[in-house]
Amino acid sequence: MEERCSWCGAAVEEGAGFRAAEPEGDRRAVFCRLEHVVPWVIRGAHWEAGSFLTDDDPDDGLGRCARCGGALGPRRVLLVRHRGEHRIADAFCGVDDLLAWAKAGGRWAAT
Ligand SMILES: [Zn+2]
Ligand SMILES: [Zn+2]
């Protein structure tokens, strides 16, 4: 199924791009690339209804925020990178930390 970037509207194919989810709110977003998370959050994070998570999926990543290391609460957000058959998930305590993480270049940021 073809999806479109929640920020720029570009087509995002299965096996590419990023999927974000707020499990408690049953909301989701799609991004063609990580950089588009940043303006999307700044402009108010307009989620779409529905989730891409199935009941079998863990909805809290590693159980800690990838940005601050804090516990994940009901406002937690999952970001899953699709890379071919691989799914690389990070979890955040909220969209603010997702924003900070994306701004910094995500998982591959030079520290
Ligand atoms: Zn985009
Ligand atoms: Zn955090």
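1. The zinc ion (ligand 2) takes its protein donors from C65 (SG), C68 (SG), C93 (SG) and D97 (OD). They lie 1.9 to 2.3 Å from the ion. Keep in mind that this is a predicted model.

2. The geometry at the zinc ion (ligand 2) is tetrahedral, with angles of 100 to 120 degrees among the four donor atoms. The donor residues are spaced C-x2-C-x24-C-x3-D in sequence.

3. Within this site, C68 and C93 link distant parts of the chain, 25 residues apart. C68 sits in the loop between β5 (48–49) and β6 (77–83). C93 sits in the loop between β7 (86–92) and α2 (95–103). C68 is partly exposed, at a relative accessible area of 47%. C93 is also partly exposed, at 26%.

4. The zinc ion (ligand 1) is held by C5 (SG), C8 (SG), C32 (SG) and H36 (ND1) as protein donors. Their distances from the ion are 2.0 to 2.3 Å. The arrangement is tetrahedral because the four donor atoms subtend angles of 95 to 122 degrees. Along the chain, the donors follow the spacing C-x2-C-x23-C-x3-H.

5. C8 and H36 link distant parts of the chain, 28 residues apart. C8 belongs to the loop between β1 (3–4) and β2 (11–12). H36 belongs to the loop between β4 (27–31) and α1 (37–42).

6. Is H36 buried or exposed? H36 counts as buried because its relative accessibility is 12%, and the cut-off for buried is under 20%. C8 is partly exposed, with a relative accessible area of 40%.

Conventions
Residues numbered from 1 in each chain as written. Chains lettered and ligands numbered in written order. Predicted model: local features only at pLDDT ≥ 70, side-chain atom pairs only at ≥ 80, totals over all residues. Heavy atoms only, no water. Donors = N, O, S within 2.8 Å, 3.2 Å for Na, K, Ca; no water. Tetrahedral: all angles 85-135°; square planar, octahedral: opposite > 155°, others 65-115°. Helix = DSSP H or I, 4+ residues; strand = E, 2+ residues; numbered from the N terminus. Buried < 20%, exposed > 50% of the residue type's maximum accessible area, 1.4 Å probe, protein only.
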